[in-house]
Amino acid sequence: MSGQAVRVFKSSYRDSLLLMAATVAMEGADGVSWAGATMATSRGLQDLAAAGVEDPALSGLGANDLVLAVKGDDDADLDAVLESGRAAAFEASGPDQGESADRPPVSVAEAVAAQQDANVAIVSVPGEYAAVAAHQALTAGLHVLLFSDGVPLEEEVELKTRAAGLGRLVMGPGAGTAVLAGTGLGFANVSLTAPHAPRVGVIAAAGTGAQEVHTLLDRWGVTVSEVIGVGGRDLSQTVAARMALPAARTLAADDATGVVLLVSKPPEPAVAAQVLDACGQTPAVAVFLGVDELAGHPDAPLAATLEQGAVAAARRVGVSPPALTAGLQDAVRRAAERLAPERTLVRGLFSGGTLCYEAQVILEDLLGPVHSNEPLRADHGLPAPDGAHVLLDLGAEEYTRGVPHPMIDAGNRIELLREVRESPDVAVVLLDVVLGHGAHADPAGQLAPVCAEVMADGGPQVVAYVLGTEADPQVRSRQQATLEEAGALVPATNARAAYAAAALALRRPELVEEGMAR
Amino acid sequence: MSERTIELPDEIGVVNIGLPLFADAVRDQGRPVTQVEWQIPGGGDPDVVAALRRLFGPRTEAIDAANAEVLHRLDTGVAVLTGIATAADVLPVPGRTLLHSGPALDIADACDPLRRSMRATVLAEGWAGDAAEADRMLASGEVSLAPANEAGAVVPMAAIIGPSTPVWVVEVEAGGTVAYAPLGQGSGEVAWFGQDSPAAVARLVLLREAVAPLLAHALPLVDPVDVFSFAAQAVAMGDDVHVRTQASTNLLLRHLLPGLVDSSDARRVEVARFLSANYLLFLTLAMAGARALTAWAGQVEGSSMVTTMARNGTTYGIRLAGDDTWFRAPAPPVENALYHPGKGPQDGAPDIGDSAVLELVGLGGAAAAGSPSVGQLVGGLGAAVDLTRDLGTVCVGRSSRITLPTLGGEGTPLGLDVRKVVERSITPRVTTGILHNRDGSGQIGAGVATAPIECFRDALLALDQRLA
């Protein structure tokens, strides 16, 4: 026998994090077989119907009405379970909180009225509503970091056309990070370098590719003046660099910026060339992962990897990066000796999309086809054939529906790591560990014990790259030490981690020196 | 492609819309951040969201410019009482026509109090000898109906303007607009509360034959009455100038006093007794002023501002500036109500009257925060402050001349923006009286009526089409 209970809270919008918190709080109770906290959107109501939840209270609801529903044993106290869900959903701001006079701002305009010096809006609401908020921020005179995914292409073009006319940035959509005037926005790393150090300005899609070049340059003593995220589609034919072009002109006109570093997945060549031209007299370096030469523009200054792009940019401002492979070849040799002969495959579990992509570029070159949910080529998608190398981007939408992003919580990744333990043909598990604001407080601490488990008793070797700085809240050196103590190899860059993985898979330690500019 | 560059900031201040962890990250770096309490816009309806995106996006500069002009007119227009007139002499309404509140209405759909008020007016006009004959004339169409708003007038509650009804004439010189509203009928047995007793008919005759002549005599003898100057003073004295007009009425009578006592009219003491008992006298004068102002503001093209908001007891209707189209929804019930003993929700007629025009000019709900007596009606001054604040979240500006002492001199919310209303699903809440829905016993209570969102949503979608 089983029962169900439903509670509705009108006009109580809760973001997905709070909904998840409420779901988790209810699911964990004794005797509960199913629990859900959802807004009464059409999708939310479908989910409830699919779970077999029926209740007269569910009719006539709107998208801003919160529904808590639970199913469970007849003898379970479902009302108490709903109460625990209510407590979790309203933890941050109860409906009875505060008096009228101190009401928080409910619009961008009200927020700007309350904080006159505001100049940037971070928008991370669901994608179908994000353009409304972004337009309102532009109207209020703000630059916009548009974190939201799922913003339609035509809405992106509309936003960027308007922003360019207003002299404002729309960074995104899907921009996870930016650095403006030294302040990190979104998932951002904390710079260590002094403001008077040589400066590089970065224009990037604004995911982990931007974070990688930012932290590498910072580590080498090069100041990154700005990281302007333009979103993954800006260098397409349709969007036509509506943000990258004014951003390039702006950085070129900035005396403090010595080099412009442009980072993107393979772009529309003509559009990319336009952006490079817009840098004018300011030297530019471009990383278009996997693109060796820009069609029709053989002289374009390209670097193959994020690492090599950062190296080239550093050299252009007169800084020589330190050695990136010190001790790595020996470490790989020792690890390779330990691997059983049948272990030849690479399994990557990434939290950063661009890091996953860069690793695929490197590994396909050395190992042949690499399969992925975000593959380099359409025919290298999932499901992968037996005996294939597989790199997963766990930050992609299909892995983050209803669960936290892997940078925020490693739960999903830990489960997949344990599964790898069962595969007798995997030689290397390749991981990224992204630090900085917004990321988990101790990701290495979450992952290290599972890494040790995986490697025990002749398991595969874990190679983990830690993206971050010493100034990040998690402190890069501490995170590295935690992983090293667990037995993982921790190379200096994401590219080096990929080369190390290939070196292990092929038992050719010298490969860790590949892909370095002379 | 333009050659423009971006103005990059030197120091960052953030407004965060969405995940709070991004606000925390900025705060941790020692930079200022304000979290917006966001909610899904337009209830999540994809068509509405798309319209909001266009109207807040590519079209916003043109709309905001038009709205600024509307706001300027609402905030600065000087509405002056220029006289008392007989409706037939000034209103463009042919023959036997009755002007009623709200959008156009078929007699068959009229609620009981409105029907009774029409009957009383037909009797007062002398068109019928008894109630049955009046009903027959109304039902047959011999007496026709028209919305007061479409004739440049406004009427409170169930009040009716007939050809002989005396009206205030208020002009806004800057806009060349003029508007009318009937002289207040006062309290007791009165047609504007939906009563048709002999006393209610007699009150209409008193207004026409005694009150109007005396006021018409007095007006030229005193300085011109600047309606919003009086209203602003009265707000500082606790009026919201909608449900409470004690202070504004007193200011008006004091102002008129020299002119009134100059009269040698035989009925002047009778009229004075009526005026001194009519604590809502200023209400319809304020409404006429508001209508003259919104008429001027309503001439601006391409704006998203609401310049008509009216209900006829059956239908709620709004209009936007620059467009004569009514957008309608069923009139809402009056909620959070206090009833006279023995009466309850089952006895109340739906929301009725044109007085919500006051909410469009910074009075009524916009001024509730300054009125302890409105507080008594809605559950405390804190609740009255909420009423004003809620309206403020969907208005584009604040009045510079009507200010609230209780909020440190803050101006009352002004300029209702249909985009904001629909985005936040917050419609104006109007404090109002409740009339009996069947037996003609008049006002049975008072409460708060929340405007229906549907007509605002339809107006938004139509605006999106119109500006396409």
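**Two chains and a shared sheet**

Let us start with one small detail: Leu435(B) stands opposite Gln443(B) in strand S17 of chain B. The strand names follow DSSP runs, with helices (H or I, at least four residues) and strands (E, at least two) numbered from the N terminus. S16(B) and S17(B), residues 443-450, run antiparallel and are joined by seven bridges; two strands count as paired if DSSP finds at least two bridges between them.

Before we go on, a word about the model. It is predicted, so local features need pLDDT of at least 70 and side-chain atom pairs count only at pLDDT 80 or more, while totals for chains, interfaces and linings use all residues. Residues are numbered from 1 along each chain as its sequence is written, chains are lettered from A and ligands numbered from 1 in the order in which they are written, and side-chain values use heavy atoms, leaving out hydrogens and water.

Back to chain B, where the open antiparallel sheet has three strands in the order S12-S17-S16. Strands S12 (334-339) and S16 (429-435) are at its edges with a single partner strand each, so one side of each has no neighbour in the sheet. From one strand to the next, the twist averages 25°, with axes fitted as lines to C-alpha atoms (for helices over the stretch in contact) and angles running from 0 to 180 degrees between N-to-C directions.

Now for a sheet that involves both chains. Five strands form an open, parallel sheet in the order S6(A)-S5(A)-S4(A)-S1(B)-S2(B). Its edge strands are S6 (170-171) of chain A and S2 of chain B, each pairing on one side only. Where do the chains meet in it? Strand S4 of chain A, residues 120-123, is joined to S1(B) by four bridges, and Val123(A) has Ile17(B) as its bridge partner there. Within chain A, two bridges link S5 (residues 143-146) to S6(A), where Leu145(A) stands opposite Met171(A). Helix H1(B) lies across S4 of chain A and S1 and S2 of chain B, running at about 165° to S2(B).

The sheet leads us to the wider interface. Here 55 residues of chain B are in contact (heavy atoms within 4.5 Å) with 68 residues of chain A. Together the chains bury about 5600 Å², 61% of it on carbon and sulfur atoms; buried area is the accessible area (1.4 Å probe) that two parts lose on being put together, summed over both. In chain B, Ile6(B), Phe22(B) and Arg53(B) lose the most area to chain A, together 13% of what that side buries.

Polar links cross the interface too. There are 23 residue pairs in polar contact between the chains, both residues at pLDDT 80 or more. Such a contact is a pair of N or O atoms within 3.5 Å; within protein, one must be able to donate a hydrogen and the other to accept it, and residues adjacent in sequence count only if both atoms are side-chain atoms. H1(B) gives the largest share of chain B's side, six residues.

Five salt bridges (a side-chain nitrogen of Lys or Arg within 4 Å of a carboxyl oxygen of Asp or Glu) are found across the interface. In one of them, the side chains of Glu155(A) and Arg53(B) meet at 3.1 Å, N to O. Asp390(B) also forms a salt bridge with Arg103(A), with the closest N and O atoms 3.0 Å apart. Asp390(B) lies in helix H13 of chain B and Arg103(A) in the loop between helices H3 (78-89) and H4 (108-114) of chain A, so this pair joins two chains.
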